[in-house]
Amino acid sequence: MEDPQPPLSFAELRTLVMDPDRPKRMFLSTGIALPGANVIKTPEEVRVERFFESCVFKTGLSFAAGGVFGGAMGLFASSVNPNFTIDPAKQSVRDIFREMKTTTVGYAKNFAMVGAMFAAVECTIESCRATTDWKNGTMAGGITGGLIGLRAGIKPGVVGAAGFAVFSTLIDYYFRHHGW
């Protein structure tokens, strides 16, 4: 077992913190940042961070994740409740796979679009409000659910807005209180 590092003297600490020629990143050899030290990010790190926090990236990621989740749900739904238009006595394996593909792709498209729509609306609201809290998800859920339900009329739009807002709030509450 190696000997622990001796503590830094005040002069060494002052040099690390206040010396204008210090390295851009101030880390002890153990890899732990000095308390109170501002870590200066390189321009590349700032660019990458901004990209991952952008509405475009969040919307694209939600689109992809929604598509994958929807595809899995569609595959499950088609295997549990097949919806064949062909007489079961005359259907082939090819017909079964074709029907499964149609259902899976349909679910994937729907989940991808809902995920992208929700993420874009939530990110826009978050940018306009300049704060991150549960209200963003609730409002985004209401808008998304309302827009989806509005295709069937005013009443379904209101019910969709209320339902999606409640669902979004519950999901947000769960993730915020369980470490996500």
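Q: In what order do the elements of the protein chain run from the N terminus on?
A: The order is α-α-α-α-α-α. The model is a predicted one, and its protein chain holds six helices and zero strands.

Q: What share of the protein chain is made up of buried residues?
A: Of the 180 residues, 23% are buried. To count as buried, a residue needs a relative accessible area under 20%.

Q: What makes the span of helix H4 close to the expected one?
A: Helix H4 covers residues 93–129, which is 37 residues. The expected span is 1.5 Å times one less than the number of residues, and for H4 this comes to 54 Å. From its first C-alpha to its last, H4 reaches 53 Å, close to that value.

Q: Why are H3 and H4 called roughly antiparallel?
A: Helix H3 (residues 55–80) packs with H4 at an angle of about 150°. Angles over 145 degrees count as roughly antiparallel, and H3 and H4 are therefore put in that class. Their axes are 6 Å apart, and the crossing is right-handed.

Q: Which classes of residue make up the contact of H3 with H4?
A: The contact has 16 nonpolar, 14 polar and two charged residues. Gly is counted among the polar ones.

Q: Where is Lys-58 found, and why is it called partly exposed?
A: Lys-58 is found in helix H3. Its relative accessible area is 29%, and partly exposed covers what lies between the 20% limit for buried and the 50% limit for exposed. Lys-58 is therefore partly exposed. Its C-alpha atom is separated by 7.8 Å from that of Cys-123, although the two residues are 65 residues apart along the chain.

Q: What makes the pair of Tyr-107 and Phe-111 stacked?
A: Two rings pair if their centres lie within 6.5 Å, and planes under 30 degrees apart count as stacked. The rings of Tyr-107 and Phe-111 are 6.4 Å apart centre to centre, with 15° between the planes, and the pair is stacked. It is one of eight aromatic pairs in the structure.

Q: How are Tyr-107 and Phe-111 placed along helix H4?
A: They are four residues apart in H4, so about one helical turn separates them. An α-helix has 3.6 residues a turn, so residues three or four places apart point the same way.

Q: Why do Tyr-107 and Phe-111 count as partly exposed?
A: Relative accessibility is 32% for Tyr-107 and 31% for Phe-111. Buried would need a value under 20%, and exposed a value over 50%. Tyr-107 therefore counts as partly exposed, and so does Phe-111.

Q: Why is the pair of Phe-118 and Phe-164 called stacked?
A: The ring centres are 5.9 Å apart and the planes stand at 15°, so the pair is stacked. The pair links distant parts of the chain, with Phe-118 in helix H4, Phe-164 in helix H6 (residues 154–177), and the two positions 46 residues apart.

Q: Which residues do ring pairs link into a cluster?
A: The cluster consists of Phe-51, Phe-52 and Phe-57.

Q: What makes Gly-115 buried?
A: Gly-115, which lies in helix H4, has 18% relative accessibility and therefore counts as buried, the limit being under 20%. The C-alpha atoms of Gly-115 and Thr-144 are separated by 9.4 Å, with the residues 29 apart along the chain.

Q: What is noted about the phi of Ala-130, and where is Ala-130 found?
A: Ala-130 has a positive phi of about 55° although it is not a glycine. It comes just after H4, in the loop between H4 and H5.

Q: Why is Ala-130 called exposed?
A: Exposed means over 50% relative accessible area. Ala-130 has 70% and is therefore exposed.

Q: Why is H4 called oblique to H5?
A: H4 and H5 pack at about 135°, with their axes 8 Å apart. Roughly perpendicular ends at 115 degrees and roughly antiparallel needs over 145. H4 is therefore oblique to H5, and it passes H5 in a right-handed crossing.

Q: How do you know that H5 is roughly antiparallel to H6?
A: The axes of helix H5 (residues 134–150) and H6 cross at roughly 150° and come within 6 Å. The limit is over 145 degrees, and H5 is therefore roughly antiparallel to H6. The crossing of H5 and H6 is right-handed.

Key: Residues are numbered from 1 along each chain as its sequence is written. This is a predicted model: local features need pLDDT of at least 70, side-chain atom pairs count only at pLDDT 80 or more; totals for chains, interfaces and linings use all residues. Side-chain values use heavy atoms; hydrogens and water are left out. Axes are lines fitted to C-alpha atoms, for helices over the stretch in contact, and angles run from 0 to 180 degrees between N-to-C directions. Angles under 35 degrees count as roughly parallel, over 145 as roughly antiparallel, 65 to 115 as roughly perpendicular and the rest as oblique. A crossing is left-handed if the near helix is turned anticlockwise from the far one by less than a right angle, and right-handed if clockwise. Rings of Phe, Tyr and Trp (its six-membered ring) pair if their centres lie within 6.5 Å; planes under 30 degrees apart count as stacked, over 60 as edge-to-face and the rest as tilted. Buried means under 20% relative accessible area, exposed over 50%, partly exposed in between (1.4 Å probe, protein chains only).
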